[in-house]
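Load the model and keep the selection tool at hand. Each stop below gives a selection and then what to look for.

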Amino acid sequence: MSTPTPPKVVNRTIKREFFRHWGLFEAETKTRLPLRLAFAGLWTACDREGRFQWQPEVLKVAILPYDKVDFSGVLDALGANGFLVKYTIEGREYGWVPKFLKHQAINGREVQSVLPPPPGDLMLFDEPTSALDPELVGD
């Protein structure tokens, strides 16, 4: 097995509604994990399609390097609460943020994704507590 390559960090946009997302706050409160900061940080590790390699240890170093937290648990909690989807292609694990393209303006110079897309049935995924949907943001 080769040494994992850290994700290329890309600048991303964060909308002010993110900070009032009730579902994400509730998930963080329930799990006692830093889900809000980790989720926003995860966007910087995603490619232009919202995909990333499911490498908890590598992602932890890139996103929460100083926190003593099990990043695998963070990813699992974000998935269990509908903020991302884990999938496997040819024995390799990946993650995908379903609403990524709805909320990110992709720079035209950003390289095309080299990660495989989620299987077709996951592409129809529409989580009930969709990250950043204004209708779900509390005042």
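**Stop 1: confidence**

This is a predicted model, so colour by pLDDT before anything else. The chain averages 81, and 75% of its residues reach 70 or more. Now select residues 126–139. Here pLDDT stays under 50. The model still has 31 contacts beyond four places in sequence for this stretch.

**Stop 2: the sheet**

Select strands S1 (51–53), S2 (residues 85–89) and S3 (residues 92–96). In what order do the three strands run across the open sheet? The order is S1-S3-S2, with antiparallel pairing. Why is one side of S1 and of S2 left without a neighbour in the sheet? Both strands stand at the edges, and each has a single partner strand, so one side stays free of a sheet neighbour. Neighbouring strands are turned against each other by 35° on average, direction ignored.

Zoom in on S1 and S3. Three bridges join them in the antiparallel sense. Show Phe52 and find its bridge partner in S3, Gly95. Then show Gln53, which stands opposite Tyr94 in S3.

Slide over to S2 and S3. This antiparallel pair has five bridges. Pick Thr88; its bridge partner in S3 is Glu93. S2 and S3 form a hairpin, with two residues between the strands. Stop at Glu90 in the turn and check the backbone: phi is positive, at about 50°.

**Stop 3: helix H3**

Select residues 56–63, helix H3. Which of its residues are buried? They are Pro56, Val58, Leu59, Lys60 and Ile63. Note the lysine in that list. Now show what lies over these residues. The cover includes helix H2 (35–43), strand S1 and helix H4 (71–80).

**Stop 4: H1 against H2**

Keep H2 and add helix H1 (22–31). Their axes lie 8 Å apart, and the helices pack at an angle of about 125°. That makes H1 oblique to H2. Show side chains for the contact. From H1, take Leu24, Phe25, Ala27, Glu28 and Thr31. From H2, take Leu35, Arg36 and Phe39.

**Stop 5: the aromatic rings**

Phe39 leads on to the next selection. Add Phe18, Phe19, Trp43 and Phe83: together with Phe39 they form one aromatic cluster. Across the whole structure, a search finds seven aromatic pairs.

Start with Phe18 and Phe19. Their rings are edge-to-face, 5.5 Å centre to centre with 85° between the planes. Turn on the surface. Is Phe18 buried or exposed? Phe18 is buried, at a relative accessible area of 4%. Phe19 counts as exposed, with 56% relative accessibility.

Move from Phe18 to Trp43. The ring centres are 5.3 Å apart and the planes stand at 75°, so this pair is edge-to-face. Trace where each residue sits. Phe18 belongs to the segment before H1 and Trp43 to H2, so the pair ties together parts that are 25 residues apart in sequence. Both Phe18 and Trp43 are buried.

**Last view**

Hide the side chains and display three selections together. Keep the S1-S3-S2 sheet, the oblique H1 and H2 helices, and the aromatic cluster that includes Phe18 and Trp43. Then restore the pLDDT colours and find residues 126–139 again, where the values stay under 50.

Terms used. Residues are numbered from 1 along each chain as its sequence is written. This is a predicted model: local features need pLDDT of at least 70, side-chain atom pairs count only at pLDDT 80 or more; totals for chains, interfaces and linings use all residues. Side-chain values use heavy atoms; hydrogens and water are left out. Buried means under 20% relative accessible area, exposed over 50%, partly exposed in between (1.4 Å probe, protein chains only). Helices (H or I, at least four residues) and strands (E, at least two) are DSSP runs, numbered from the N terminus. Contact means heavy atoms within 4.5 Å. Two strands pair if DSSP finds at least two bridges between them. Axes are lines fitted to C-alpha atoms, for helices over the stretch in contact, and angles run from 0 to 180 degrees between N-to-C directions. pLDDT is the predictor's confidence in each residue, from 0 to 100. Rings of Phe, Tyr and Trp (its six-membered ring) pair if their centres lie within 6.5 Å; planes under 30 degrees apart count as stacked, over 60 as edge-to-face and the rest as tilted. Angles under 35 degrees count as roughly parallel, over 145 as roughly antiparallel, 65 to 115 as roughly perpendicular and the rest as oblique.
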